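Grab a coffee and work through these exercises with the viewer open. Try each task yourself before you read the solution.

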2 protein chains.
Amino acid sequence: MAYSAAFRCLTGCAGSYPLTQPLYRCPTCGGLLDVAHDVDALRDRSPATWMKLFDERYKRTVWPYGSGVWGKREWVAPEVPDEAIVSMDEGGSNLFWADRYGRTLGLDDVWVKLCGNSHTGSFKDLGMTVLVSVVNKAIREGLEVRAIACASTGDTSASLAAYGAAAGLPVVVLLPRGKVSTAQLVQPIASGALVLSLDTDFDGCMAIVQRLSADGVVYLANSMNALRLEGQKTVAIEIVQQFDWTLPDWVILPSGNLGNAYALYAGFKMLKDLGLTTRFPRLCVAQAARANPLFKAWSEGRSEVVPMKAGETLASAIQIGNPVSAPRAMLALKAMDGVAEEVTEDELCDAAARADRTGMYTCPHTAVALAALEKLVKKGLVEKRQRVVVVSTANGLKFTEFKVKYHERALADVTSRLANPPVELPPDYDRVLAALDRHAAQTGKR
Amino acid sequence: MAYSAAFRCLTGCAGSYPLTQPLYRCPTCGGLLDVAHDVDALRDRSPATWMKLFDERYKRTVWPYGSGVWGKREWVAPEVPDEAIVSMDEGGSNLFWADRYGRTLGLDDVWVKLCGNSHTGSFKDLGMTVLVSVVNKAIREGLEVRAIACASTGDTSASLAAYGAAAGLPVVVLLPRGKVSTAQLVQPIASGALVLSLDTDFDGCMAIVQRLSADGVVYLANSMNALRLEGQKTVAIEIVQQFDWTLPDWVILPSGNLGNAYALYAGFKMLKDLGLTTRFPRLCVAQAARANPLFKAWSEGRSEVVPMKAGETLASAIQIGNPVSAPRAMLALKAMDGVAEEVTEDELCDAAARADRTGMYTCPHTAVALAALEKLVKKGLVEKRQRVVVVSTANGLKFTEFKVKYHERALADVTSRLANPPVELPPDYDRVLAALDRHAAQTGKR
């Protein structure tokens with residue numbers, strides 16, 4: 001197995017750099033990097049052989065194949081040895097058969113890939129296991145950094161801190177003071193990360209963390225890091241695997257920084273390049289209407305995403321006006337006959353509530369994707385018999401306040417049409433019985 | 001496959017009743033029921049054949065074998081057909097290798113079974129899929145109930161409501177008004193359950209829900225229901241399977257109502273009865289010192305658990321003074337050479353923090369089990385080379401407030417020795433650098 005992968009410039013500058021090199025941008029043009037695999041070497045196995053190998057490893061007990069990411073290691077980071085891998089059961093998440101939800105939209109074949117049912121509660125774990133494992137390998141080979149660092153306030157810092165804790169590697173998280181509550185930070189705090197609350201704004205934090213990484217003091221785990229996308233791309237491969245190596249017609253995912261859109265494309269492309277599939281599913285990138293730079297560019301037929309000031313959205317993780325991976329996402333949309341969609345706060349809230357009533361527990365970002373699906377159905381783009389996969393990016397348990405406020409009808413600009421507040425009653429048998437009857441009449445049995 | 005299971009009296013009264021009958025207590029003596037399997041019939045397959053069958057099904061795409069519970073259907077509820085099953089990817093949860101945590105205790109081989117990484121975030125899903133599927137089958141066969149009901153405020157109502165929502169079956173949750181916040185109830189509310197807030201106390205709610213079930217209006221999903229234990233027992237089987245069909249030396253689990261302790265025993269017993277194993281691991285049932293009726297009975301050598309008034313504990317789900325399944329748990333302790341342990345609020349908090357710093361994100365109940373392990377090590381009962389499994393019962397994401405208050409040092413009677421509050425700094429490069437150095441010195445690299 002002489003498989004290999006290296007950093008290369010996304011837009012084609014010459015040069016190839018080892019994955020263990022702390023490198024975040026192309027040294028020539030300053031643009032984004034890509035992880036390029038030696039695809040010819042990977043062609044030494046037939047499509048059937050790859051499928052068999054991945055199926056044999058899936059969720060098994062042999063280290064590191066409990067992980068859906070490392071079960072596909074040759075396609076991800078082939079040169080990381082077992083002993084350097086930092087893994088906590090990534091992937092293998094439920095591809096939820098959203099039968100009842102799909103039927104509310106008149107669709108026959110809707111599935112939701114629950115990536116938030118993971119160790120730290122978001123899809124970020126898929127990429128973080130790769131990043132931390134590669135850094136772990138680099139450290140064993142002599143890289144000297146005092147910590148792995150990021151400036152995130154959300155799922156990225158939670159995931160980074162947990163993987164650092166599992167590996168015994170120091171993690172530092174930088175944040176603007178007073179802008180973030182302890183509750184938002186409690187995962188990295190619990191994981192023992194050094195959480196620095198700086199008397200500046202987010203850009204001020206980024207400036208410091210970037211100088212620290214430029215000086216080689218820290219390794220930067222920020223969202224432009226191409227290593228993370230290598231892990232995230234296994235979502236695409238795993239979805240196809242869970243359908244017994246067949247493609248869905250549509251994949252819909254919520255996106256802000258747009259790295260995950262490119263990662264999905266990279267996964268589907270690898271499947272196609274190596275002959276496991278013959279085409280692409282269509283892609284829909286779903287954005288909140290208040291943070292919709294990709295939607296704007298796409299709907300106006302522009303190939304360049306113009307940065308905007310993002311407005312406040314309940315889908316806080318995708319509240320991004322200047323997406324780092326915009327050029328990557330444009331490639332993905334083009335290759336996958338993709339569309340972009342935008343949804344309002346009211347639309348995303350009702351979509352979440354509708355899905356929850358069929359057994360899901362939807363985070364606001366997943367709700368953006370569901371609301372986008374509802375729009376694509378109305379536009380006739382998604383048809384009754386098509387197989388649709390919605391990618392759920394985080395666990396609803398991270399968004400208790402969002403759920404509570406919706407059902408208490410306390411969200412601004414949101415009607416809460418499907419609010420289901422508790423019913424207050426005296427402790428009277430007949431009154432309870434009557435309430436049961438009303439509820440049964442409203443919801444209908446099966 | 002003429003496998004079968006039926007309700008029988010736990011203490012030996014004559015009579016056997018179909019699992020689809022709405023039956024919560026022995027009709028003869030009023031005591032607890034057990035699900036009794038036709039073990040002789042199950043002996044038609046060799047131990048190796050069962051292992052092979054369960055391995056082949058594990059996490060596969062053929063319905064309903066994505067579920068770790070239904071992958072062992074012959075041992076659980078053999079007469080439920082595919083089309084009646086209501087399943088959302090139960091089981092198959094990470095058996096987390098707690099290497100770094102174990103080493104902090106001087107142990108070589110500690111594992112944490114993360115049952116909280118599940119659809120609704122607790123181990124209750126394992127039992128609820130069985131209960132809701134059996135009720136679903138019963139309804140298809142003519143049982144008329146207006147809803148499935150419970151009086152729980154926590155994980156049970158969350159799980160019941162989600163499975164009801166997925167199946168399209170009405171669910172009703174009864175609660176004392178003013179005692180429970182919307183946040184605690186938001187999962188069943190989101191799932192569209194009828195949440196009745198009654199102007200009475202918990203006993204008043206139970207009285208009404210029991211009358212409703214006695215009258216056949218609702219099916220009672222309360223914790224004495226033996227069907228739920230059949231699903232929960234698969235945790236034991238799955239742990240052994242994840243160790244390639246070998247037993248650990250110890251299993252430690254937090255318990256309040258004590259059903260889960262018996263369920264574990266039932267799983268290990270089935271493995272032994274069918275020849276897949278030859279002995280039992282030792283069991284430790286861990287309780288909060290403020291709600292420790294089992295610990296009291298066990299440490300005083302009594303075989304009867306005397307009800308007590310439970311004091312307030314952070315481990316709220318096991319804050320139970322009069323455990324329903326006490327007689328069941330006593331059987332388990334006796335058969336498994338078991339011990340009971342109790343831990344203080346301070347002990348459970350520090351155990352959680354210690355574990356979190358090694359990559360976990362521990363709920364307060366799991367913390368009770370970890371703190372109990374720490375005590376067993378000090379007592380010399382658990383030895384360095386023994387293989388220990390701690391059962392984690394819920395997802396830490398359900399307990400944000402517990403984490404925040406610990407790290408803000410805001411918990412009564414808790415010292416928060418491992419609190420890790422954010423460090424406030426001016427946006428100064430050198431000050432950040434110095435903070436990094438201090439942190440590295442404190443935590444130590446690898």
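**Exercise 1. Place A:Gln386 in the fold of chain A, then work out what its side chain touches.**

Start with the location. Keep in mind that you're looking at a predicted model. A:Gln386 sits in the loop that runs between α14 (364–378) and β13 (387–392) of chain A.

Next, follow the side chain. It makes a polar contact of 3.1 Å with the side chain of A:Trp250. The side chain of A:Gln386 also reaches a backbone atom, the nitrogen of A:Glu383, at 2.9 Å.

Now widen the search, skipping neighbours within four places in sequence. That leaves A:Asp109, A:Asp249, A:Trp250 and A:Leu381 in contact with A:Gln386.

Finally, check the record. An unreviewed UniProt entry annotates residues 86–393 of chain A as "domain: Tryptophan synthase beta chain-like PALP". Over that stretch the chain is 43% helix and 16% strand, with the end C-alpha atoms 21 Å apart.

**Exercise 2. Describe how chain A and chain B meet, going from the overall area down to single residues.**

Begin with the totals. The two chains bury about 7900 Å² between them, and 62% of that is on carbon and sulfur atoms. Chain B puts 90 residues into the contact and chain A puts in 89.

Then look at the polar side of things. There are 30 residue pairs in polar contact across the interface, both at pLDDT 80 or more. On the side of chain B that touches chain A, the residues split into 43 nonpolar, 25 polar and 22 charged.

Now the salt bridges: the interface has four. One of them joins A:Glu424 to B:Arg177. To check that pair against the 4 Å cut-off, note that its closest N and O atoms are 3.0 Å apart.

Last, look for strands that cross over. Strand β8 (residues 194–198) of chain A pairs with strand β14 (residues 423–425) of chain B, in the parallel sense, over three bridges. Within β14(B), B:Glu424 is the bridge partner of A:Ser197.

**Exercise 3. Find the backbone oddities at A:Pro64, B:Pro64 and B:Trp245.**

First, know what to expect. Most residues other than glycine have a negative phi, and most peptide bonds are trans.

Take the prolines. A:Trp63 and A:Pro64 are joined by a cis peptide bond, with omega about 0°. A:Pro64 lies in the loop between α2 (47–57) and β4 (95–97) of chain A. In chain B, the bond from B:Trp63 to B:Pro64 is cis too, with omega near -5°. B:Pro64 is in the loop between α2 (47–57) and α3 (73–76) of chain B.

Then turn to B:Trp245. Its phi is positive, near 65°, and B:Trp245 lies in the loop between α10 (234–242) and β10 (250–254) of chain B.

Methods. Residues numbered from 1 in each chain as written. Chains lettered and ligands numbered in written order. Predicted model: local features only at pLDDT ≥ 70, side-chain atom pairs only at ≥ 80, totals over all residues. Heavy atoms only, no water. Contact = heavy atoms within 4.5 Å. Buried area = accessible area lost by both parts, 1.4 Å probe. Salt bridge = Lys/Arg side-chain N within 4 Å of Asp/Glu carboxyl O. Polar contact = N/O pair within 3.5 Å; in protein donor to acceptor, adjacent residues only side chain to side chain. Nonpolar A, V, L, I, M, F, W, Y, C, P; charged D, E, K, R; others polar. Pairing = 2+ DSSP bridges. Helix = DSSP H or I, 4+ residues; strand = E, 2+ residues; numbered from the N terminus. UniProt positions renumbered as here; feature names shortened; annotations may be inferred.
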